[in-house]
Amino acid sequence: MIAGHQEATRELWPKLASDYETCVSALVYEEAGRGDQGQAQLRLNAIKSYRMLDVDDDALRLAEKIIAERGIPEEYPEDALHIAIAAVNGMEVLVTWNFAHFNNPFTRTMVRQIVENAGYSCPEICSPEELLEVDQ
């Protein structure tokens with residue numbers, strides 16, 4: 001399964017660069033740089049052309065709200081921050097493999113309500129495979 005996710009991600013990166021205005025957060029850069037140095041460098045090279053979204057006070061406040069209202073478990077503050085950064089910056093789609101904490105139907109519904117109640121538009125949360133299927 002992991003190999004399939006990696007392959008779908010590698011297939012998606014060039015498509016993101018050519019077909020979409022793609023942004024990543026500072027958190028994504030940090031995460032991409034973790035692990036095996038060779039693989040980390042490949043990930044960083046793949047996303048280096050994307051515009052970076054900073055972590056700002058609005059995003060931090062929204063992430064705290066998402067956690068406080070139990071949209072994301074408090075043990076995973078970075079997950080809430082990913083969503084908050086995307087929402088605060090008006091992103092239409094948030095692509096993730098994180099099915100456990102935020103890319104599942106129960107969490108998406110709850111998070112959408114929290115984000116929209118805070119006055120933001122909630123991005124659609126989907127996997128790389130779902131986004132690849134859009135053009136097929």
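This talk goes through the packing of three helices in a predicted model, the core they contribute to, and a few residues in and around the loops.

I'll start with helix α4, residues 57–68, and its two partners. The first partner is α5, which spans residues 77–88. The axes of α4 and α5 are 8 Å apart, and the packing angle is about 125 degrees. That makes the pair oblique. As for handedness, α4 and α5 cross in a right-handed sense.

Which residues make the contact between α4 and α5? On the α4 side they are Asp58, Ala59, Leu60, Leu62, Ala63, Ile66 and Ile67. On the α5 side they are Pro77, Ala80, Leu81, Ile83, Ala84, Ile85, Ala87 and Val88. Sorted by class, that contact holds 14 nonpolar residues, no polar ones and one charged residue.

The second partner is α6, residues 105–117. Here the axes of α4 and α6 lie 10 Å apart, at an angle of about 135 degrees. An angle over 145 degrees would count as roughly antiparallel, and α4 and α6 are therefore classed as oblique to each other. The crossing of α4 with α6 is right-handed.

For this pair the residue list is as follows. Leu62, Lys65 and Ile66 come from α4, and they meet Val111, Ile114 and Val115 of α6. By class that gives five nonpolar residues, no polar residue and one charged residue. Leu62 and Ile66 are on the α4 side of this contact, and both names also appear in the α4 list for α5.

Next, the core. As general background, nonpolar side chains in soluble globular proteins tend to be buried together. In this model the largest nonpolar core has 24 residues. Which members touch the most others? They are Leu62, Ile66, Ile72, Ile83, Val111 and Val115. Helices α4, α5 and α6 each supply at least two residues of this core, and α5 gives the most, with eight.

Ile72 is one of those well-connected members. Setting aside neighbours within four places in sequence, Ile72 contacts Ile66, Ile67, Asp79, Ala80, Ile83, His101, Phe102, Thr107 and Val111. There is also a second, separate core of eleven residues, and among them are Ile47, Tyr50, Cys126 and Leu132.

One of the Ile72 contacts, Thr107, can be viewed from its own side. Thr107 sits in helix α6. Is Thr107 buried or exposed? Thr107 is buried, with a relative accessible area of 12%. Not counting residues up to four places away in sequence, Thr107 touches Gly71, Ile72, His101 and Phe102. His101 and Phe102 are also in the Ile72 list.

Now two loop residues. Arg70 is in the loop between α4 and α5. Arg70 has a phi near 65 degrees, which is a positive value in a residue other than glycine. The relative accessible area of Arg70 is 68%, so Arg70 is exposed.

The other one is Ala100, in the loop that runs between β3, residues 93–95, and α6. At a relative accessible area of 60%, Ala100 counts as exposed too. How far is Ala100 from Ile72 in space, C-alpha to C-alpha? The distance is 10.0 Å, with the two residues 28 apart in sequence.

To finish on the main point: α4 is oblique to α5 and oblique to α6, and α4, α5 and α6 each put at least two residues into the largest nonpolar core.

Methods. Residues are numbered from 1 along each chain as its sequence is written. This is a predicted model: local features need pLDDT of at least 70, side-chain atom pairs count only at pLDDT 80 or more; totals for chains, interfaces and linings use all residues. Side-chain values use heavy atoms; hydrogens and water are left out. Axes are lines fitted to C-alpha atoms, for helices over the stretch in contact, and angles run from 0 to 180 degrees between N-to-C directions. Helices (H or I, at least four residues) and strands (E, at least two) are DSSP runs, numbered from the N terminus. Angles under 35 degrees count as roughly parallel, over 145 as roughly antiparallel, 65 to 115 as roughly perpendicular and the rest as oblique. A crossing is left-handed if the near helix is turned anticlockwise from the far one by less than a right angle, and right-handed if clockwise. Contact means heavy atoms within 4.5 Å. Ala, Val, Leu, Ile, Met, Phe, Trp, Tyr, Cys and Pro count as nonpolar, Asp, Glu, Lys and Arg as charged, and the others, Gly among them, as polar. A nonpolar core is a set of buried Ala, Val, Leu, Ile, Met, Phe, Trp, Tyr and Cys residues joined through side-chain atoms within 4.5 Å. Buried means under 20% relative accessible area, exposed over 50%, partly exposed in between (1.4 Å probe, protein chains only).
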